[in-house]
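Please open the structure in a viewer and keep the selection tool at hand. The tour proceeds stop by stop, with a selection to make at each one.

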Amino acid sequence: TEIYTLSLHDALPIFGDQLVSRFRMSSAIADDPLFTFKLKAIQEAPVKVVFVDNQGKKWEASKKIKFSN
């Protein structure tokens with residue numbers, strides 16, 4: 001029986017519909033990694049990060065950026 005190890009392979013931050021960065025990981029990544037990136041929000045739009053594991057499975061987290069008056 002083979003044992004497959006899942007690990008985070010990519011983190012893709014997207015603002016509106018534009019990819020703003022790409023993080024590529026190896027299997028040596030921490031169990032609870034922290035990612036930061038700069039983003040100049042010139043319009044209100046959702047920011048989404050799509051995560052891809054080494055098997056190609058995807059999941060995402062998102063939040064709408066709103067300006068205050």
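The stops below cover the core, the aromatic pairs, a surface patch, a salt bridge and two further positions. The model is a predicted one.

**Stop 1: the core**

Begin by selecting Leu 8, Ala 11, Phe 23, Met 25, Val 49 and Phe 51, the six residues of the largest nonpolar core. Strands β1 (8–15) and β4 each contribute at least two residues to this core.

Next, centre the view on Leu 8 and display its surroundings. Which residues is Leu 8 in contact with, leaving aside its neighbours within four places in sequence? The contacts are Met 25, Ser 26, Ile 29, Phe 35, Phe 51, Val 52, Asp 53 and Trp 59.

**Stop 2: the segment before β1**

Move to Ser 7, which lies in the segment before β1. Is Ser 7 buried or exposed? Its relative accessibility is 18%, so Ser 7 counts as buried, the limit for that class being under 20%. Apart from neighbours within four places in sequence, Ser 7 is in contact with Ser 27, Asp 53 and Asn 54.

**Stop 3: the aromatic pairs**

Now display the aromatic side chains; the structure contains three aromatic pairs. Select Phe 23 and Phe 37: their ring centres are 6.4 Å apart and their planes stand at 55 degrees, so this pair is classed as tilted. The two residues connect distant parts of the chain, with Phe 23 in strand β3, Phe 37 in the loop between β3 and β4, and their positions 14 residues apart.

Then select Phe 51 and Trp 59. Here the ring centres lie 6.1 Å apart and the planes are at 25 degrees, so the pair is stacked; the cut-off for stacking is under 30 degrees. Colouring by accessibility separates the two partners: Phe 51 is buried, with a relative accessible area of 18%, whereas Trp 59 is partly exposed at 41%.

To finish this stop, show Phe 23, Phe 35 and Phe 37 together, since ring pairs link them into a cluster.

**Stop 4: a nonpolar surface patch**

Keep Phe 37 selected and add Val 20 and Leu 39. These three residues form a nonpolar patch on the surface, and together they have about 190 Å² of accessible area. The loop that holds Phe 37 runs between β3 (23–24) and β4 (45–53). Why does Phe 37 count as partly exposed? Its relative accessibility is 31%, which falls between the limits of 20% for buried and 50% for exposed.

**Stop 5: the salt bridge**

Turn to the charged side chains. How many salt bridges does the structure hold? There is one, and selecting Asp 10 and Arg 24 displays it, with the closest N and O atoms 2.7 Å apart. This pair also joins distant parts of the chain: Asp 10 belongs to strand β1 and Arg 24 to strand β3, 14 residues apart. Asp 10 is buried, at 8% relative accessible area, while Arg 24 counts as exposed at 57%. Side chains of opposite charge can pair when their charged atoms come close.

**Stop 6: a long separation**

Finally, select Ala 28, in the loop between β3 and β4. With a relative accessibility of 69%, Ala 28 counts as exposed. Add Lys 64 and draw a line between the two C-alpha atoms: Ala 28 and Lys 64 are 32 Å apart in space and 36 residues apart in sequence.

Methods
Residues are numbered from 1 along each chain as its sequence is written. This is a predicted model: local features need pLDDT of at least 70, side-chain atom pairs count only at pLDDT 80 or more; totals for chains, interfaces and linings use all residues. Side-chain values use heavy atoms; hydrogens and water are left out. Patches are made of residues with over 30% relative accessible area and no salt bridge: like charges are joined within 9 Å, nonpolar side chains (Val, Leu, Ile, Met, Phe, Trp, Tyr) within 5 Å. Accessible areas come from the Shrake-Rupley method with a 1.4 Å probe; for residues, only the protein chains shown count as cover. A salt bridge is a side-chain nitrogen of Lys or Arg within 4 Å of a carboxyl oxygen of Asp or Glu. Helices (H or I, at least four residues) and strands (E, at least two) are DSSP runs, numbered from the N terminus. Buried means under 20% relative accessible area, exposed over 50%, partly exposed in between (1.4 Å probe, protein chains only). A nonpolar core is a set of buried Ala, Val, Leu, Ile, Met, Phe, Trp, Tyr and Cys residues joined through side-chain atoms within 4.5 Å. Contact means heavy atoms within 4.5 Å. Rings of Phe, Tyr and Trp (its six-membered ring) pair if their centres lie within 6.5 Å; planes under 30 degrees apart count as stacked, over 60 as edge-to-face and the rest as tilted.
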